[in-house]
Amino acid sequence: MRPSLEPQVTSVAGNDIVGKGAILQEDPAMTEGGTVWRKLDYHILPLMAMYFFLSFLDRTNVGNARVAGLQKDLGMSNKQYSIALTVTYVPYIVFQLPSNLILKAVGPNLLLPTMLTLWGVVTVLQGVVKSYSGFLACRFFLGLLEGGLFPGLVLYLSYFYPRYMMNTRVTAFFSSASLSGAFSGILAYGIIHMDGVGNRPGWSWIFILEGLFTFLFGVFSFFLFPRSVDNSRFLSPAEKEYIKEKLLEDCDHKEEEGFSWSEVVEALRLPQLWFMCIAFFLSATTLFGLAYFSPSIIQGLGYTAADTQLMSVPPYAVACVVALIASFVSDRYRCRGIVCVVSVLLCAIGFAIFLGSESNQIQYGSLFFSVTGACMAAPTQATWNANNASPQTRRATVIAVGFVFSNGGGILATWLLGGSLSPAPRYTEATITLLVFSLLAALMCGLNMFYLRMQNGKKAERRKTMSREDEKPGIGNHSSWYIYNL
């Protein structure tokens, strides 16, 4: 029988409740189905969503700029274009683990807005470059400044929400990536008509205007970030205590005395991390391939440059809605693994349809499967990975390493679809590769479910012969009372 995740409380005289040594005043906000979590949602999730929206928009709007003439105006070959995208990922990958390890010390309220503000400046500079070398430099610094964002946001949310509430929240802000895929098409359609304004081509205005907004929002957001539950001015003292009790009960969420390399090493020894890292790499190749090249794929189906921007909108709009529904199911029934498997199988269906059809309309329709599957898989896999590691340094390491492998998939995607390995417009070799990757990702997620279920069974047997007081404190996810999320 699954142990309850509700806090163990005892009613006493009046309207007080007692929970693990703390006496809290009963508050409607803290009853089951109350408003304390919604209060967090209203204050934190819109900010997270905007951050990730701008991250994905500023990293992938190069695909829209390419269709609008970027590659031709800078004299780039297909190989050089792929090199430019690859250069983005090198510092992006390198910075992810260090960023997550220092986020707690520096404070997310300082680190994350600083990153956003600076990469807004770099995005603007992409719109004024005159040479390929200048474009390469911009892509390098864009990757360096964006590298810690996604793992940092996932880690940050784990400071506020119990594990069983995480997927809906991660998907809520990740769905902004789907919206950015849709919105960037609409925005690019309008902006490219500024061609010639200020003696600049339309593609340069895509970078300038979007980067300027990012910079301004980054400056503004310095005043919006709460560092932790204790620093959240919108929460009452009783609400803060309630949230901390829930976090403590859910995953032994205790403050660590300080950074420890032993926790980093312990994270790297977790088998569930490596099952997920392989799945991350396979799924991310699909996600970033579609994010960067869906405009080029759609243009290859016979649409004009302007119409291509608009036709890239519907698949991402549908993906956003479906991903949110899937995250609700994942949290409600605590079935991360099943949702992961279904999502990558949707990708496989989409690639199979694209590969097997000669009709442009059917090939376009296949994007609704592959884009939706990719946008479902990424947040659920990220949440599942974060859910099964504790304490904080171990979790931070697991999250960052997972995203390192994800962005390794991004590097592969830039060459798989952007170079001569798989020529447009059919992308046959790339489609076959992504189809196989999707099936392998389903296998990895299935193996991870099997392993975690087996470990939960062993923990259940240990709980029959010992009490929690008999167990060594501070062992995190190795505790017999830490139930792995399936």
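These legends go with close-up views of a predicted model.

**View 1. Cysteine 347 and the sulfur closest to its own, in cysteine 375.** A disulfide is a covalent bond between the sulfur atoms of two cysteines. Here the two sulfurs sit 8.6 Å apart, so they're too far from each other for a bond. Cysteine 347 is also buried, at a relative accessible area of 4%.

**View 2. Cysteine 445 with cysteine 340, home of its closest cysteine sulfur.** How far is the sulfur of cysteine 445 from the one in cysteine 340? The gap comes to 4.6 Å, and that's too far for a bond, because a disulfide needs the sulfur atoms within 2.5 Å. Cysteine 445 counts as buried too, with 0% relative accessibility. Tallied over the structure, the disulfide count is 0.

**View 3. Helices H4 and H5 packed against each other.** Two packed helices are described by the angle between their axes and the distance between the axes. For H4 (residues 108-126) and H5 (residues 132-146), the angle is about 165° and the axes lie 9 Å apart. That angle makes H4 roughly antiparallel to H5. As for handedness, H4 and H5 have a left-handed crossing.

**View 4. Side by side: the residues where H4 meets H5.** On the H4 side, the contact uses Met115, Leu118, Trp119, Val122, Thr123, Leu125 and Gln126. H5 answers with Phe135, Cys138, Arg139, Phe141, Leu142, Leu145 and Glu146. What's the mix of nonpolar, polar and charged residues in the contact of H4 with H5? It's 10 nonpolar, 2 polar and 2 charged.

Note on methods
Residues numbered from 1 in each chain as written. Predicted model: local features only at pLDDT ≥ 70, side-chain atom pairs only at ≥ 80, totals over all residues. Heavy atoms only, no water. Buried < 20%, exposed > 50% of the residue type's maximum accessible area, 1.4 Å probe, protein only. Axes fitted to C-alpha atoms, helices over the stretch in contact; angles between N-to-C directions. Helix = DSSP H or I, 4+ residues; strand = E, 2+ residues; numbered from the N terminus. Parallel < 35°, antiparallel > 145°, perpendicular 65-115°, else oblique. Left-handed = near helix turned anticlockwise from the far one by under 90°. Contact = heavy atoms within 4.5 Å. Nonpolar A, V, L, I, M, F, W, Y, C, P; charged D, E, K, R; others polar.
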